[in-house]
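Here is a short tour for anyone who likes to see the atoms before reading about them. Have a look at the sequence and the fold, and then let's walk through some details together.

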Amino acid sequence: MANGMAGLFVGASGLKTAQTALNTTAHNLSNINTTGYTRQQVTFSDTTYVNVNSKDKVSYASYGLGVAISEVRRIRDQYIDLAYRNENSRLGFYESQYNAVQEIEDQFGEMQGVTYESYLTNLYDSINELAKNPTSTVARSSLIQNATAFIEKSENVYKGLRDYQTTLNTQVSNMVNKINDLAGQIYKLNKSIAKVEAPGIEKANDLRDQRDAAIDELSKYIDITYYESENKETIINAAGVPLVTSGELTAMSTRVVEGTTLVIPTWPSYERDVYEDGKLASNADDTDKGQLKGLIIARGNMVVDYTVVPVAPDSNDYDMSTEEGRTAYQQAYNEYAKQQEYYNTYVEPSAILSAMAGFDKLVNGIVERINGILCPEKTETRNNPHLNADGSEIQADTYIYNSVDKAVLYDRYGREVTGTDNGDGTYSYASGEKLYESAGGAAVPVDSYEYLMLDMDKTGYGMDDDKTVGTELFSRIGTDRYIKTTGDNGKTIYLRNNLNETDYESLYKLGNLKINPEAAQNVGKIPLSTVQGKEDFDRAKELVDIWDEKFASLNPDMYAKSDYMSFYNNYIGEYATMGKALYNYVGNQTTMVDGYDNQRLQSEGVSSDEELEKMIKYQQAYNAASRYVNVVSEMLEHLVTSLGRI
C-alpha cells in the first residue's frame with residue numbers, strides 16, 4: 001500500500017457512511033406510521049482519488065480514499081404527486097356537489113318514511129272530501145288541518161334548505177381561513193427549507209414532507225399549479241393568482257353579497273373575486289376543481305324564490321293574427337329568453353338555489369291556484385289610481401309606462417329597471433311599483449294603472465251571517481289579501497293588496513306563508529257557498545280539478561308542463577338522478593385518487609421488512625469497515641515497531 005494512513009481514511013469513511021445509512025434506516029423505521037412521511041434513501045459515491053507518481057508508467061496510477069455519502073434523498077415521484085393533486089382537487093369539487101344533493105333529498109324525507117308527497121296527497125284528499133259536501137264543517141275543518149300541515153311542512157323544508165345554505169356559507173368562510181393557514185405554513189416551510197439547503201450540504205427532507213403534506217391538503221380546497229424555484233422554495237398559484245411566492249404571501253378574504261349574509265371569496269391585493277360570477281365549471285376545460293368552488297356553486301350567491309323561474313309566454317294569450325299581437329308576443333318571448341339565460345347561468349348550476357326555486361314554484365302554484373278559486377279576481381285598467389278613504393294612493397298591481405325616452409329607470413330602492421325598446425327611440429315598462437328617472441329622483445308619469453280586484457260576479461260566499469267574501473285559505477305574513485275601498489260607482493270593491501305592514505312587497509312565497517287565521521278560526525267563512533247560502537259544488541269541483549291541470553315545466557329548458565304531483569315527482573326524480581350521477585362520479589374519482597395515493601405509498605412508504613434488510617446490510621458493512629480499520633491499524637503498528645528496531 002502506497003500510504004498506510006490513507007488506508008485508515010478508507011476504513012473511517014466506511015464507518016462513517018455505514019453509520020449514516022444505519023441512522024437513516026432507523027429514521028425510516030421510527031416514522032413507519034407517520035402520515036405524510038416519505039421514505040429516505042442513502043446514495044453512495046466514491047471519494048477523492050490520489051495519484052501515485054511512477055516514472056516507468058505512461059500514465060499516473062491512482063488510488064481512492066474510500067466512500068462518501070452522495071445524498072440522503074426522499075423517494076418521491078413528482079409526476080405521481082402532480083396527478084394525485086389534480087384528481088384530489090377535482091374530487092373535492094364533486095364531493096361538495098354530491099353532499100348538497102344528499103342534503104336536499106334528506107329534507108324531503110323520501111327515504112325516511114314520512115315523505116313530503118304524503119302532505120300533498122292529504123291536502124288533495126281533504127279537498128276531494130270537501131267537494132262532496134262543501135258546507136260540511138267537518139270537511140272544512142279537515143281541509144284547514146291538512147292545509148296547515150302542508151304549509152308547516154313546506155316551510156320546514158324550505159327552512160332546512162336555507163339553513164343548509166347558511167351551513168355551506170360557514171364552510172366557505174372556514175375554508176378561506178384554512179387556505180390562508182396552509183399558504184402561511186408553506187411560506188414558512190419554504191424559508192426553513194431554503195435556509196437548511198442553501199449551503200448545499202444536506203436536504204431538509206422532513207421539512208419537505210411537511211410542505212408536501214400541506215400542498216396535498218391545499219390541492220383539495222382550491223385548484224393550484226406549482227413549481228420549485230432555484231432557491232428550493234415552492235411557488236404556488238391558486239385560481240390564477242400567485243398565492244405563495246419567494247417574497248410574499250397573498251391572503252384571501254371575503255366580501256358579503258348585498259342584501260344577504262352570503263360571503264364571496266376575494267383577492268384584496270388584486271381587487272377581484274376569486275371566482276368569476278356566472279362562469280360555469282366544466283370538466284372539458286378543466287375548471288371543475290377545488291372544494292371551495294364546489295361549495296360556492298352548490299350554495300349559490302343569492303337567496304331565490306319562485307320569481308326567478310321564467311315562464312314562457314303562451315301564444316294563445318296573444319292575437320297572432322295582428323302585427324301588434326305578434327310584436328307583443330315576440331317582446332314577451334325575448335324577455336323570457338333573457339330570464340332563461342339568467343336562470344341557467346346563476347340558478348340552475350346551484351343545487352340549493354335550483355331546489356329552492358323549484359320547490360317555491362310548486363308551493364306558490366298550489367297556494368295561488370286554490371286562493372284564486374276561492375277569491376276569483378279580474379283586472380281593471382284605469383288612467384288614475386284608486387284612493388283610500390284618507391285620500392292616499394293605493395298601490396297598483398302593475399304600473400304601465402308606454403313611451404319613455406330612457407332605456408333604464410329606477411325603482412324606489414335605486415335598482416335599475418330595463419325597458420322594452422319600442423323601435424322608435426322610446427321604451428315601455430310594466431312594473432309592480434312606480435319607477436323613477438334616477439335613484440332618488442322624480443317619479444316618471446304613469447300612463448295607466450292595472451288593479452287586481454275581487455270579481456263580485458264570480459265570487460263565493462261564506463256561511464256566516466255576513467256572507468263574507470274574499471276569504472283566502474293561505475295568507476301572507478303581515479299582509480291582508482284585499483284593501484277594501486269604494487269604487488267609482490259608489491259600491492264597495494276589494495283591491496288586491498301587494499304590500500305588507502311595513503310597505504314592502506309581499507308575495508305568496510315560502511318564508512311568508514301561513515294559514516289564514518280568519519278561515520282557521522271560523523271555517524264557515526271559507527267562500528264555498530252561493531249568495532243564496534247553498535253549497536257551491538261548482539267551485540268545490542274546481543278545487544279538485546286543479547290537481548289534473550298542467551301546472552308548470554320543471555325548468556325553463558323543458559316545455560312540457562306537469563300537474564302538481566307529477567311536477568313534484570319529476571322534481572325529486574331529477575335530484576335522485578343527479579345524486580346517482582354524482583355518487584358514481586365521486587366513487588370513480590375516489591378510486592382514482594386512492595390509486596395514485598397507493599402508487600405513492602408503494603414507492604414512498606416505509607416497508608419494515610425492506611428497512612430491516614437494509615439495517616442488516618449496513619450493520620454488516622459497518623462491521624466490515626471496523627475490521628478493516630483494525631487490520632490497517634495492526635499493520636501500521638507492526639511497521640512502526642519494526643522501523644524502531646533498525
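## A buried alanine

A214 is part of helix α5, which covers residues 205-221. In this predicted model, A214 has a relative accessibility of 4%. That value is under the 20% cut-off, so A214 counts as buried.

What does A214 touch beyond its neighbours within four places in sequence? Its contacts there are L182, Q185 and I186. A further pair to inspect is A214 and I179: they sit 35 residues apart along the chain, and 9.8 Å separates their C-alpha atoms.

## A buried serine

Helix α1, residues 4-30, contains S13. With 7% relative accessible area, S13 is buried too. A polar atom of the S13 side chain lies 2.7 Å from the backbone oxygen of V10. Setting aside neighbours within four places in sequence, S13 is in contact with L65, G66 and V67.

## The nonpolar cores

In soluble globular proteins, nonpolar side chains tend to be buried together. Here, the largest nonpolar core has 107 residues, and the members that touch the most others are Y116, F150 and I370. Helix α4 supplies the largest share of this core, with 18 residues.

Take F150 as a starting point for browsing. Apart from neighbours within four places in sequence, F150 contacts Y116, Y119, L120, L123, V363, I366, V367 and F474. Another core, of 16 residues, lies apart from the largest one and includes Y399, Y427, Y449 and I493.

## A three-stranded sheet

Strands β8, β9 and β10 form an open sheet, in the order β8-β9-β10 and with antiparallel pairing. Why is one side of β8 and of β10 left without a neighbour in the sheet? Both β8 (253-256) and β10 (272-273) stand at the edges and have a single partner strand each, so one side of each stays unpaired in the sheet.

Between β9 (residues 263-267) and β10, the antiparallel connection consists of 2 bridges. One residue pair to look for is W267 with its bridge partner in β10, R272. Helix α4 (residues 137-197) packs on this sheet and touches β8 and β9, with its direction at about 20° to that of β9.

## Confidence in the model

How far does the predictor trust its own work? The average pLDDT of the protein is 90, and 97% of the residues score at least 70. Confidence is lowest in strand β3 (residues 61-64), where the mean is 72, and highest in strand β18 (residues 474-476), at 97.

How values were computed:
Residues numbered from 1 in each chain as written. Predicted model: local features only at pLDDT ≥ 70, side-chain atom pairs only at ≥ 80, totals over all residues. Heavy atoms only, no water. pLDDT = per-residue confidence, 0-100. Helix = DSSP H or I, 4+ residues; strand = E, 2+ residues; numbered from the N terminus. Pairing = 2+ DSSP bridges. Contact = heavy atoms within 4.5 Å. Axes fitted to C-alpha atoms, helices over the stretch in contact; angles between N-to-C directions. Buried < 20%, exposed > 50% of the residue type's maximum accessible area, 1.4 Å probe, protein only. Polar contact = N/O pair within 3.5 Å; in protein donor to acceptor, adjacent residues only side chain to side chain. Core = buried A, V, L, I, M, F, W, Y, C linked by side-chain atoms within 4.5 Å.
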